[in-house]
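The exercises below introduce a protein structure through its sequence and atomic model. Please examine both before reading the worked solutions.

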Amino acid sequence: TMLIAFVCAGALLAEPSVQKVVTIKNGNRNGILHTLQELAPTNGMVISTSDNDHLILSGPKDTVAGFEEIIKQLDVPAVIKKDVETTVYMIVASADAVEAAPLSAELDPVVKQLKTIFNYKGFRLLESFVLRSRDGEQGQTNGFLPPIENLPPGNKISYQFQYNKVSIDGADNARVARFDRLRLNMRVPIATSSGTTTIDASIATDVDVPEGKKVVVGKTSAMEGHGSALILVISAKVVD
């Protein structure tokens, strides 16, 4: 009789069990379910699913209410990452003025800057391209450069342009694209007395690029010999 009395008293004191169906509004049901299942065993909860848009919570009333609150905190719209459009310019600079088509007007400020930094007189655009990737992600492309002087006949310079991550920082009117471990690698064929060999040339750095500005990243003199260099310039645009 005493045992029955204790059991009945425990039943009266036990928190009532309830069941609640919760709608997932932003499509991350599996991620939310995984988080709740990590918490459920120590809280007397049973969590099940009916479809892609609902979770069923079963357990003590107060605990179910607490899990509902957790779901509200987790069920938020996903952050939409913006794209970063990177324009890359490969400019050949030489000690002598070159007879070539003039650079576009948009590169005039860059040329003025280069003339104050380096002792070069001639500049020509060898290659340019656009690479797009998302905020917080890496970017990579590769290809071949147009023919240049001093290359062995029939050979081309191959290149690979990449960065580990690009991140957007700053307010909308003063945004900066931060490039982590940006790198330009090139394989340059060189004529020798016994044939042709290949040398590696590279430009590597971390760099911050204010949106709408062109930034000189670096240079390498491995392409066209003494007195010349390839200069890497980039600009960045956030695509809203």
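**Exercise 1. Determine which side chains form a salt bridge with glutamate 68 and lysine 20 as the pair in question, and state where the two residues lie.**

Step 1. The side chains of glutamate 68 and lysine 20 meet in a salt bridge, with an N to O distance of 2.9 Å. A salt bridge is here a side-chain nitrogen of Lys or Arg within 4 Å of a carboxyl oxygen of Asp or Glu.

Step 2. Glutamate 68 belongs to helix α3 and lysine 20 to strand β1, so that the pair links distant parts of the chain, 48 residues apart. Helices (H or I, at least four residues) and strands (E, at least two) are DSSP runs, numbered from the N terminus.

Step 3. Glutamate 68 is partly exposed, its relative accessible area being 22%. Lysine 20 is likewise partly exposed, at 35%. Buried means under 20% relative accessible area, exposed over 50%, and partly exposed in between, with a 1.4 Å probe and protein chains only.

Before continuing, the basis of the model should be stated. The model is predicted, so local features need pLDDT of at least 70 and side-chain atom pairs count only at pLDDT 80 or more, while totals for chains, interfaces and linings use all residues. Residues are numbered from 1 along each chain as its sequence is written, and side-chain values use heavy atoms, with hydrogens and water left out.

**Exercise 2. Describe helix α3: its length, its buried residues and what covers them.**

Step 1. Helix α3 spans residues 61–74, which is 14 residues. From its first C-alpha to its last it reaches 20 Å, close to the 20 Å expected at 1.5 Å a residue; the expected span is 1.5 Å times one less than the number of residues.

Step 2. Thr63, Val64, Phe67 and Ile71 are the buried residues of α3. They lie on the same side of the helix because they cover an arc of only 100° around the axis, the arc being that of the directions from the helix axis to the C-beta atoms.

Step 3. The face turned away from this buried side carries the exposed residues Asp62, Lys72 and Gln73.

Step 4. The cover over the buried residues includes β1 (17–23), α2 (29–39), β2 (46–51) and β3 (54–60).

**Exercise 3. Work out the strand order of the open sheet of three strands, and how α3 is placed on the sheet.**

Step 1. The order is β1-β3-β2, with antiparallel pairing. Two strands pair if DSSP finds at least two bridges between them.

Step 2. β1 and β2 are the edge strands, each pairing on one side only. The twist from one strand to the next averages 20°.

Step 3. β1 and β3 pair in the antiparallel sense over seven bridges. Valine 21 stands opposite isoleucine 56 in β3.

Step 4. Helix α3 packs on the sheet and touches β1, β2 and β3, where contact means heavy atoms within 4.5 Å. The direction of α3 makes about 150° with that of β3. Axes are lines fitted to C-alpha atoms, for helices over the stretch in contact, and angles run from 0 to 180 degrees between N-to-C directions.

**Exercise 4. Identify which strands are joined by the salt bridges of glutamate 85 and of arginine 187.**

Step 1. Glutamate 85 forms a salt bridge with arginine 132, the closest N and O atoms being 2.9 Å apart. Glutamate 85 is in strand β4 (residues 83–94) and arginine 132 in strand β5 (residues 122–134), 47 residues apart.

Step 2. Asp83, Glu85, Arg132 and Arg134 are linked in a network of salt bridges.

Step 3. Arginine 187 forms a salt bridge with aspartate 200, at 2.6 Å between the closest N and O atoms. Arginine 187 lies in strand β9 (residues 176–192) and aspartate 200 in strand β10 (residues 195–210), so the pair ties together parts 13 residues apart in sequence.

Step 4. Arginine 187 is partly exposed at 43% relative accessible area, whereas aspartate 200 counts as exposed at 56%.

**Exercise 5. State how many helices, strands and salt bridges the protein has.**

Step 1. The secondary structure comes to four helices and 12 strands.

Step 2. The count of salt bridges comes to 10.

Step 3. Of the 240 residues in the protein, 35% are buried.
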